[in-house]
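Biologist: I would like a close look at a single part of this model. Please take one helix, say what surrounds it, and go on to the pockets it helps to line.

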Amino acid sequence: MIVVGGEALMDLVPAPDQGRADGGLPLMLPRRGGGPYNTAVALGRLGAPVAFCSRVSTDAYGAALVEGLQKAGVDTALVQRGPEPTMLAVTAISEEGSAAYTFYHQGTADRLFTAPGSLPPLTRALALGTCSLALEPTASAYEHMLLRESGRGLFIALDPNIRPNVIPDWDAYRARFRSWLPHLSLLKVSFEDTAWLSGCAPGEEAVLDAARAWARTGPSAVVLTGGGAGLWAVTATGDTVHVPAAACEVADTIGAGDTVYAALLDGLHRGDALRPDARLTHDEWRELLAFAARAAAVTCSRRGADSPHRAELLD
């Protein structure tokens, strides 16, 4: 089983072709979201054995979030519940389809998450990321799980999915990120996040150099997402693999990176490579990255974080 830990929230997304409310403000529609939540749902739709570990509100939004997990085949036994409200992310979509977020997280249910005493016996991987690793006291609870499960020999994956507007101390977060690297098996990170975390320029060569430095400190591989430029895998053995982005008509990019993250984990699971000592060949990485690119293209072609089912990728 793959356990995905982190926040579940509601994205408030501009409604297409619905006009505007009084004052010229866009009409907004609620959509299930949160990076870890999207990743868990995407894994479930791909047919991987997955459980979600989080704290979710008992309000109407929380009920919808749990329903979405169960509909996707995600195990919810590790989901804690509480009466506090659901976190909200108000989304702005650019003309190119990219998304920017404003988060409303104070006093929400996920902020009171506590680490479970143990994970299910069949757990082979723990995947973490996004706001849950930046907001206290939740961040310390997930960090405790990361260190504990790494010590037990589990495959540890991380997608920082940086949201600078929810990180109170940028330098402290960067230092904390560096302390996680020796415990990671897989790091998935965007070009923009790499530049933010490392302080390098956002260009391809500078970002690849930063990824190579990180790969030498712990992760077996660092997977970089470059939007329309495609995907890269930089391995601890010095190999660099690139595949182009899959063509699609972009509706928006919400959940695209989460879909890549899920597709990578699903492919590693199916290849019996969810082990800290697993090493993929150049061709295996190329095949896995191409699969992740196809999956992300489907998500980008649809509004909201609507990841593909496996059957859609086998046609």
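Modeller: Two residues are in contact when heavy atoms of theirs lie within 4.5 Å. The model is a predicted one, and the part chosen here is helix H1, residues 35-45.

Helix H1 is mostly covered, with 10 of its 11 residues buried. Buried here stands for a relative accessible area under 20%. The buried residues of H1 are Gly35, Pro36, Tyr37, Asn38, Thr39, Ala40, Val41, Ala42, Leu43 and Gly44. An α-helix has 3.6 residues a turn, so residues three or four places apart point the same way.

What do the buried residues of H1 pack against? Four of the partners are strands: S1 (2-5), S3 (28-33), S4 (50-57) and S8 (125-129). The others are two helices, H2 (60-71) and H7 (256-270). Just after H1, Gly47 has a positive phi of about 90 degrees.

H1 also takes part in the lining of pockets. The largest pocket has a volume of about 1100 Å³, and H1 supplies at least two residues of its lining. Strands S2 (9-14), S7 (99-104) and S10 (186-190) each do so as well, as do helices H5 (191-198), H7 and H8 (282-300). In total, 47 residues line the largest pocket, and those nearest its centre are Ser190, Thr225, Thr253, Ala256 and Gly257. Sorted by class, this lining has 22 nonpolar, 16 polar and 9 charged residues.

The second largest pocket holds about 380 Å³ of space. Its lining is made of 20 residues, and the closest to its centre are Arg32, Val41, Arg45, Ala305 and Asp306. Val41 is also one of the buried residues of H1. The elements giving two or more residues to this lining are S3, H1 and H2. The largest share, 5 residues, comes from H2. By class, the lining of the second largest pocket has 8 nonpolar, 5 polar and 7 charged residues.

One last point concerns cysteines, away from H1. The structure holds 0 disulfides. A disulfide is a covalent bond between the sulfur atoms of two cysteines. Why does Cys300 form none? The closest cysteine sulfur, in Cys248, is 5.1 Å from the sulfur of Cys300, which is too far for a bond, because a disulfide needs the two sulfur atoms within 2.5 Å. Cys300 itself is buried, with a relative accessible area of 10%.

Methods. Residues numbered from 1 in each chain as written. Predicted model: local features only at pLDDT ≥ 70, side-chain atom pairs only at ≥ 80, totals over all residues. Heavy atoms only, no water. Buried < 20%, exposed > 50% of the residue type's maximum accessible area, 1.4 Å probe, protein only. 1 Å grid on protein atoms, 1.4 Å probe; cavity = no way out; pocket = protein on both sides within 12 Å on 5 of 7 lines; lining within 4 Å. Points joined across faces, edges and corners; volume = space filled by probe spheres on them. Nonpolar A, V, L, I, M, F, W, Y, C, P; charged D, E, K, R; others polar.
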